[in-house]
Every structure is written in C-alpha cells, then in structure tokens.
Amino acid sequence: MQGLAQFGDTRQRLLRQLLLARDGAGVEELCERLRISHNAVRQHLTTLIVSGLVQRVEPRPTGGRPQARYALTEQGRELFPRNYGAISAALISQLVARVGEAEVGAMLQELGTTVAATQVPLQADSGEALARALAQRLDALGYEAIPARHGDDWQVEAFNCVFHGLARQHPQVCKFDIAYMEAATGRRIHHMECMVRGGQVCRFKLGPEPSRGAAATGGGS
C-alpha cells in the first residue's frame, strides 16, 4: 500500500490535521481535533517522526512557556496525492521543446478555462460565500483548500498543490490553476503565495466583482 492507505484511520486523520496546520500543531490541538488522549497523540507522532514523515518545528511565540509543535516533512507531504506526475512532466517537456514556453503557458490557460466550462459556474452573494464555494471545489480536486480572511479580502488557501513536483520543473502549470479559478468564479484571481516559490501554502486572492458594464461588454482584463 502507498500514500495514506498504509496507515490506520487515526494516523491518517492526524496526518491530515498536520497538512492543514500551516505553522504546525501542538499535542493539545491534535488531542482536541482527533478526540484521543495525549499519550496516543505522542505515540503516533513518535512513530511518524522516526519514519521521517513528521518533524518538530519552532513553537509560536506566545509569551508563555513554549509548546512543542509538529509539522509534516517534505516526505510527509508526498503521502498526499499529487496528480499528473512523471507522465505529465514528460508531456510538458516535449511540448515546450516543440512549441516553446509561451505557447505551452497559453495552452494551459485554455485548458483551465475548458475544464471549468464543464462544471456549473460558482454563484454566491458575497465574497465569503464565493471563497467557500471555490475552496470546496478545489478540495474535491485534491487541493485540501480552505477559505481564509486576510484583512478585508477573502482568499483561498490550498495546502496540497496537486502539481507540486511538476510546477518545480515547469512553473507555467500554475496558469492552469489561475485560469480554472477565474473561469469558475468570473473574478480575477491573484496568486499571492506559492509553495513552489517557498510559500507555506498556495494562496489565491479573489478580485472584486466585475462591474455590470464590463460584464455586459466583455471588458475587463
């Protein structure tokens, strides 16, 4: 067995909690979320650390006694599905060699728009509702996405980049994500943070709702 399937239910749930914990999670947090004892959490963490899947990270400054926090290692993140791996990388490399980076980027944008067109467009009466709907749709594709408030803006954070390995070789694959989300929401999408570029998550900001005049004329860039 590979991926999460090699673990029991509790350990799978613990690993998913760590995937969602951008800054790591403490034993107390994991106890509350998993509804198991401190000893059970510590035993699971110890096993996962020995396996190289989890690591201890710097605690967040709280002014009190520092509490140990734990996070996935890169090996641990690889337990989660990363679709379009070696075959996709080879395919894109061939396309780049034949038509060039710019043309491949344009093709990926068109593909993202095409995929979104096969689904029901997202409709929501607020930025928050739209962010939640988009996060749910991305989550169904394996992105482990959640809505997140940043100041006055609603954004979407994805903790599992399904193109992670591929994007390291060909960063233009992120154009697919952007085009897909823009077509699904009818909003401009701004890529605020990217795991390939060293970010903790892939974070996307929803642009403002287009004006009726721009929507009617097909304007807006």
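Let me start with R35, which is exposed, with a relative accessible area of 77%, and which sits in the loop between α2 and α3. Bear in mind throughout that what we have in front of us is a predicted model. What draws my eye to R35 is the backbone, since R35 has a positive phi of about 60 degrees although it is not a glycine. A second residue belongs in this part of the talk: E144, also not a glycine, has a positive phi of about 50 degrees. E144 is found in the loop between α7 and β4, where β4 covers residues 145-150, and with a relative accessible area of 21% E144 counts as partly exposed.

From there I would like to move to the small sheet. This is an open sheet of 3 strands in the order β1-β3-β2, and the pairing is antiparallel. Its edges are formed by β1, residues 25-26, and β2, residues 54-57, each of which pairs on one side only. Between β1 and β3 there are 2 bridges, while 4 bridges join β2 to β3. If you want to follow the register on the screen, take R69 in β3, which is the bridge partner of G26 and which also has V57 standing opposite; one residue along, Y70 in β3 has A25 opposite. As for the side chains of β3, R69 and A71 point one way and Y70 and L72 the other way, and all of them are buried.

So what does R69, an arginine at 6% relative accessibility and therefore counted as buried, do with its side chain? It meets the side chain of E29 in a salt bridge, at 2.8 Å from N to O. This pair links distant parts of the chain, with R69 in strand β3 and E29 in helix α2, residues 27-34, 40 residues apart.

The structure holds 8 salt bridges, and I have picked out two others to set beside that one. In the first case, E128 pairs with R132, with the closest N and O atoms 3.2 Å apart. These two are 4 residues apart in helix α7, residues 127-140, and so they are separated by about one helical turn. Both ends are partly exposed, E128 with a relative accessible area of 32% and R132 with 40%. In the other case, R188 forms a salt bridge with E182, and here the closest N and O atoms are 3.4 Å apart. R188 is partly exposed at 40% relative accessible area, and E182 is partly exposed as well, at 25%. To return to R69 for a moment, salt bridges that share partners join E29, R33 and R69 into one network.

Now to the other sheet, which is an open sheet of 4 strands in the order β4-β5-β7-β6, again with antiparallel pairing. Its edge strands are β4 and β6, the latter spanning residues 189-193, and each pairs on one side only. Neighbouring strands in this sheet are turned by 30 degrees against each other on average, if direction is ignored. Looking at one pair in detail, β6 and β7 are joined over 4 bridges in the antiparallel sense, and H190 has K205 in β7 as its bridge partner. Two helices that pack on this sheet deserve mention. Helix α7 touches β4, β5 and β7, and its direction makes about 10 degrees with that of β5. Helix α9 touches β6 and β7, and its direction makes about 135 degrees with that of β6.

That brings me to the nonpolar interior. The largest nonpolar core has 36 residues, and those with the most contacts inside it are L138, F163 and M181. At least two residues of this core come from each of α5, α6, α7, β5, α8, α9 and β7. Taking M181 as an example, and leaving aside residues up to four places away in sequence, M181 touches L134, L138, I189 and F204. Apart from this core lies another, of 23 residues, among them A25, L48, Y70 and L79. Two of those names will be familiar from the small sheet, where A25 stands opposite Y70 in β3.

Note on methods
Residues are numbered from 1 along each chain as its sequence is written. This is a predicted model: local features need pLDDT of at least 70, side-chain atom pairs count only at pLDDT 80 or more; totals for chains, interfaces and linings use all residues. Side-chain values use heavy atoms; hydrogens and water are left out. A salt bridge is a side-chain nitrogen of Lys or Arg within 4 Å of a carboxyl oxygen of Asp or Glu. Buried means under 20% relative accessible area, exposed over 50%, partly exposed in between (1.4 Å probe, protein chains only). Two strands pair if DSSP finds at least two bridges between them. A nonpolar core is a set of buried Ala, Val, Leu, Ile, Met, Phe, Trp, Tyr and Cys residues joined through side-chain atoms within 4.5 Å. Contact means heavy atoms within 4.5 Å. Axes are lines fitted to C-alpha atoms, for helices over the stretch in contact, and angles run from 0 to 180 degrees between N-to-C directions.
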